[in-house]
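Let's take a friendly walk through a protein structure, from its surface to a few individual residues. Have a look at the model first, then read on.

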Amino acid sequence: MALIETEEAARRLARAIASDLSLYNEEKVVEGITNDSLYEVMAEELEEGRALFQSRVTPELYAKNYYDRAVIDILVRSKAHIDSRMW
């Protein structure tokens with residue numbers, strides 16, 4: 001399979017991976033947001049998603065942190081309605 005070479009496609013992939021993480025790990029995400037421990041609670045899943053993203057995009061696109069941005073947008077910002085010490 002050819003590597004993704006466009007920024008738009010890399011962004012879409014990153015957001016799809018982050019969306020899947022959120023969908024399939026809702027309880028962990030809520031726990032992590034509530035206790036301000038999202039990155040600890042989701043460490044394994046986040047690293048698995050990162051590895052998948054890295055395997056599918058060019059090194060130049062990986063270096064642009066699209067995956068990290070998608071994680072923040074989808075796993076953190078979209079859960080702003082949850083009571084947390086973070087906000």
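## The surface and its charges

In this predicted model, the protein exposes about 5,500 Å². Carbon and sulfur atoms supply 51% of that exposed area.

What about charges? The protein has 11 positive and 17 negative charges. If you take the mean position of each group, the two points are 6 Å apart.

## The overall build

Turn the model around and look for its elements. You will find 6 helices and 0 strands, so the order from the N terminus on reads α-α-α-α-α-α.

How does the size of the protein fit its 87 residues? A compact globule with that number of residues would have a radius of gyration near 12 Å, and the protein has 13 Å, which agrees. Along its principal axes, the C-alpha trace spans about 40 × 20 × 20 Å.

Of the 87 residues, 39% count as buried. Now think about which parts of the chain meet each other. Among the contacts with a separation of 6 or more, 69% are between residues 24 or more positions apart.

## Helix α2 and its buried side

Let's zoom in on helix α2, which covers residues 26-34. Which of its residues are buried? They are V29, G32 and I33. These three cover an arc of only 95° around the axis, which puts them on the same side of α2. A general rule helps here: an α-helix has 3.6 residues a turn, so residues three or four places apart point the same way.

What covers the buried residues of α2? The cover includes α1 (7-24), α3 (38-41) and α6 (66-76).

## The loop after α2

Helix α2 is followed by D36, which lies in the loop between α2 and α3. The phi angle of D36 is near 55°, a positive value in a residue other than glycine. Is D36 buried, partly exposed or exposed? With a relative accessibility of 40%, D36 counts as partly exposed.

S37 is also placed in the loop between α2 and α3. S37 has a relative accessible area of 16%, and because buried means under 20%, S37 is buried. Not counting residues up to four places away in sequence, S37 touches E31 and G32. You have already met G32 as one of the buried residues of α2.

## Helix α5 and the loop behind it

Which helix holds L61? L61 is found in α5, a helix made of residues 59-62. With a relative accessible area of 4%, L61 is buried. Leaving aside its neighbours within four places in sequence, L61 is in contact with I4, E5, T6, E7, A10 and Y66.

Try locating R11 as well. L61 and R11 are 50 residues apart along the chain, and their C-alpha atoms are separated by 9.2 Å.

Finally, move on to N65, which sits in the loop between α5 and α6. The phi angle of N65 is near 60°, a positive value in a residue other than glycine. How accessible is N65? N65 has a relative accessible area of 40% and is partly exposed.

Terms used:
Residues are numbered from 1 along each chain as its sequence is written. This is a predicted model: local features need pLDDT of at least 70, side-chain atom pairs count only at pLDDT 80 or more; totals for chains, interfaces and linings use all residues. Side-chain values use heavy atoms; hydrogens and water are left out. Buried means under 20% relative accessible area, exposed over 50%, partly exposed in between (1.4 Å probe, protein chains only). Helices (H or I, at least four residues) and strands (E, at least two) are DSSP runs, numbered from the N terminus. The arc is that of the directions from the helix axis to the C-beta atoms. Contact means heavy atoms within 4.5 Å. The radius of gyration is taken over C-alpha atoms; the globule rule is 2.2 Å times the number of residues to the power 0.38. Accessible areas come from the Shrake-Rupley method with a 1.4 Å probe; for residues, only the protein chains shown count as cover. Lys and Arg count as positive and Asp and Glu as negative; His and the chain ends are not counted. The place of a charge is taken as NZ of Lys, CZ of Arg, CG of Asp or CD of Glu.
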